Structures are given as structure tokens and as C-alpha cells.
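Reader: Before accepting any label here, I would like to see the rule behind it. Please take the terms one by one.

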Amino acid sequence: MKDTAHHAELLPVGRSTRPMRHLGSEGVQVRRTEIAGRERTFLEIEPQVLSELAKRAFTEVSHFLRPDHLASLRSILDDPEASANDRFVALDLLKNACVSAGEVLPMCQDTGTAIITAKRGVDVLTDGEDARHLATGVEAAYRELNLRYSQLAPLGVFEEVNTGTNLPAQIDIALDSEDGYEILFMAKGGGSANKSFLYQETKAILDEQRMLDFLAEKIATLGTAACPPYHLAVVIGGTTAEHALKTAKLASAHHLDGLPETGDAETGHGIRDPRFEEKVLELTRHLGFGAQFGGKYFCHDVRVIRLPRHNGSLPVALAVSCSADRQIVARIDREGVFLEELEHDPARFLPAAGRAEEIESGQVTAIDLDLPMEEIRARLSACAVGDRLSLTGTMIVARDIAHARLRERLEAGEELPAYFRDHPVYYAGPAKTPEGMPSGSFGPTTAARMDTYVRDFQAAGGSLVMLAKGNRSAAVTQACREFGGFYLGSVGGPAARLAADCITEVSVLDMEDLGMEAVWRIRVEDFPAFVVVDDKGNDFFAQARDTGLQLGRTRTVRDGTRV
């Protein structure tokens, strides 16, 4: 068959140019042999190389971030146009990075699905079970580190159980014409994974203004539950819907930055458009969400990728990488094994102490969570939406599966447990607890996943004070107005800092068989929160764009003295 010059890779990015460090060359050998009268050179890779590399990669991404991500957070602190809320969140995330860099507490309690995307050169020789060896490394990392097992195995259509290993991982390995092996490792939490969207559109939106109008509407639906500021990816086109979504995931990890900026009429390869990226980024600056609580920094940056398409189909995909921006590139070549250099000294991005104090300044209302529920609600009722709080005392921790079981009790005619009526409920699921510490990383879960339970629970006297991250539905606001409830928000992202600084006691209270999904009793000190939805039906996220509501400091202030 005659060769054709019209074929090209859909995503011609070549090998990564990110700075890497050499891990050694043990287990990697160069072999030369003659095949059909021609000498060929091969790269032979022993199984343990892939396993050890995967373990090392997921160890790194659980505790360290890329320097350009940290530099972007610091730039928010230095931007005079950033809102006080933007700066507060950015500072908290930088502090969290410093705690996580101690390699004890992972940066996020949702330590993610392990995703591995690899390009294997034609010169590579292995035993053919590359995915198995990579999975062995994934399992070792999640077993040995203070990470969380989040993968559920289906036992039937409606029954499932935690695998207890964080496997299966998603592993995709493709052939490549270049020599060597390049591997992208990603840890993707449920919050950011849930913010991947596909829209089936038509040529009608292939106009700059129409596309911007379309994106403004769709990007606004992302909300704040996945812990912005985001690295946002927009993919326009795609030979299939699934290819558009996969491309968006890779672009959100900045893995496609090397794409050409001009197209080719014959091959139809994908392109990147930096000019349009700036327009979309500017659009996000005016959505009003900011870095979770109002401002301009909803996104760090934007990637826009244009792909070929069938003339009767125009998929548009959106994806984000959140504040736990966890990806790392590895390479195996004739010189050995290399791993991307992440930032091991995030403290260098922190501002001076005086500047940090200035960012954190403001009035805060202290709330004693050990008071009777009626008194807690009375104190919260005196606060305005957007007011900063400092919580100290006892909370109950419960999320998806525990909520489902509690609803089963209600449906069976039973009452909610007293603990669920007497204490605020924190939507969260902890990572493993390090030896000698009261808690593992323990940040808030996406609140919207529990929205369907709120009305029934509040009618039964429970869930009257809720704490989590992100915006909620109108139904929750209506229930809070009807039953006198409150939804309090916490900064999404700094799970390590909350565990290190704010959570003092943790014990299992109920449903121990659910593992990290069990019902927990925790005690907190000076836990930062603010009023998102109050008992009068006011919603912070419905007002933030217009009012510019501000956060204050995390520490409480009494009589003008910080304590």
C-alpha cells in the first residue's frame, strides 16, 4: 500500500520539555541486535523500574506542586487588583503547600484516582505487562503513604465496595514514533473530575463572540466546589466526544502546551490558540466567583485547543485542574530514568510576615460549637452572609454513604441519631492518620452532593448547621429559610493545614464499616469558616458578584486584641 503524507498525529506535541532530575539507570539497558540484516537498538526496561517510578511519582504529586503553579498563587498576593478574598485564599493555599511539603500530610484529603497516560517508543522492550507493573507502584504508594482509598468496585448494578487499594488505576499506553518512554502521572480528585463537561454543539458557535457568550454561560456552571483558582481547558472539536474530553484533561495539566498554533488543511492536527486563551481568561475575571469567595481569580490560566471534527458534529469539552494541581511527567531513555522536578521549597513563595498579617486582617466571630444547637443557630443568625467565623468545639463528620444510610433510617420510620441533631455536620472524608497526629488531611467535601438530603434531614431536626465547600442549590437555601438552618463554607483546598492547625481530636462515632466514609466525631480549634447560606434565605454566591463581600482573618478578635 502506498504511504501517504496526509497523516499526522492529532496532538503533535513531542516529548515534554519540563525540567527533570535523573533518578538513575538501574534496570534500564541498551540492547543492539540485527533484524532482517539491519542493526536495531532497543531500550530494555525491567518491570521494577515501572513500579518504582509510579510509586515515586504518586509520592511526589501527593506532597509537592509545580513551581509555576505556586508562582501563580504568589502573583495573586502581589496583584493590587485582586480582591481581599482572592488574596486570603491564595495565602491559605500557599500555607497548605508548605505543610504538605513536610511529606506527612498530603495536600488534599481526596488523594485521587491514579491516572497514567504514556507514550511508548518503538525501541522499548518490556515483558508486555507495563500496566500491571505501573499499578503495582500505584498500590504501594497508596498503601505506604497517608493517602486515601477512594475506588469502589461494582459487585452488581447497585452494589459496590471499596477495593482497599485505590486500584484500579486508569492506565492508557500508546505507541509512539519517538524513542524512549514518556509517562504523565495524574492524581485526580472527585471534585475536579466532576467538573469535566461535554456539550454537543453546531457550526453556529464557530464565531468568536458567539463562542465567548457560550463559554461565559458554561464556565459559570463550574462553580467553586472543585477548589479554584482553576487551570481551565477548553477543547473545541474532536473526532469523537470521548477524544474531546480526554484532550481537555491533558490540556488542563498543561501537557499539550507544545501544540502548534497554526493548522494544516491536509492533516487536520490539533492546534492551540494563545490569543483566544487570553480572551477566555479575561472573561473568567468578570464572572464574580474569584478564588472561591468573590474576586477576579477564578482561573490561574486557560488553555484553548482546537481539534478536527466531523462536519455534522461539534463537541466542546471543558475540564479543570484544581488547587491540588497534581501531575508529573517522567521519561525513560538511554540515559536512565527521569522525573519532573517539582517544588520542594514552597515556603519561598510566602510573603513576609507583615504582609501575611495584612492579608489575614479583619473581624471574625467566634462560635462555640459545644453550645446547644439553638444557641449556636442564634449566634449565627446575628451574622450576615459573608461574615467570617472561627469555629471551636465538636462537629460530626458525614458525607455521601453515611447520608444515604441515615435517610434509610428515616424512611424506615426511625429518628435521626441524637448526634446528628445536636451538632453541626461537616461534609468530609479524611485521609489516613499519620502516627502521632490526631488527624490525616481533612478538608471539606463538595457540599452539593448532599443537597438532596437537606430538606428531609432539617425537617427531622438534623443538618441545621452544615459545613463544606462550594455553592449549593436553591432547594438548600429554601430549606434553611423554612427550618432555620445554615450552610457554612470553608476554603476548599488546604486539607493539610486544617489537619495540622485546626483539628485536635478524631474518633469514629458510627458506621465504622464504611472506612473513611464512616460517621466521625471531631474537635476543632479556630477552624475557619464563613456564612454562605443563612436562616433568612440569603445565599453568599447569589450576592457575591454584586456586593463584593469580604472575608476577614482566621484568628478571632476580642476587644481589638488578636487571640
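Reader: What makes L65, H69, L73, L93, N96, A97, M107, S323, A324 and G493 the lining of the largest cavity?

Author: In this predicted model, these ten names line the largest cavity because lining residues have an atom within 4 Å of a cavity point, a cavity being a set of points on a 1 Å grid over the protein atoms alone where a 1.4 Å probe fits but cannot get out. Local features need pLDDT of at least 70, side-chain atom pairs count only at pLDDT 80 or more, and totals for chains, interfaces and linings use all residues. Residues are numbered from 1 along each chain as its sequence is written, and side-chain values use heavy atoms, with hydrogens and water left out.

Reader: How many residues of this lining are nonpolar, polar or charged?

Author: Six are nonpolar, four polar and none charged. Ala, Val, Leu, Ile, Met, Phe, Trp, Tyr, Cys and Pro count as nonpolar, Asp, Glu, Lys and Arg as charged, and the others, Gly among them, as polar.

Reader: And what is the split in the second largest cavity?

Author: Its lining has four nonpolar, four polar and two charged residues; K188 and R326 are among the residues that line this cavity.

Reader: Why is I219 said to be in contact with L232 and F298?

Author: Contact means heavy atoms within 4.5 Å, so I219 meets that limit with both, and also with V280, L283, T284, L287 and L318, leaving aside its neighbours within four places in sequence.

Conventions:
On a 1 Å grid over the protein atoms alone, a cavity is a set of points where a 1.4 Å probe fits but cannot get out, and a pocket is an open set with protein on both sides within 12 Å along at least five of seven lines; lining residues have an atom within 4 Å of a point.
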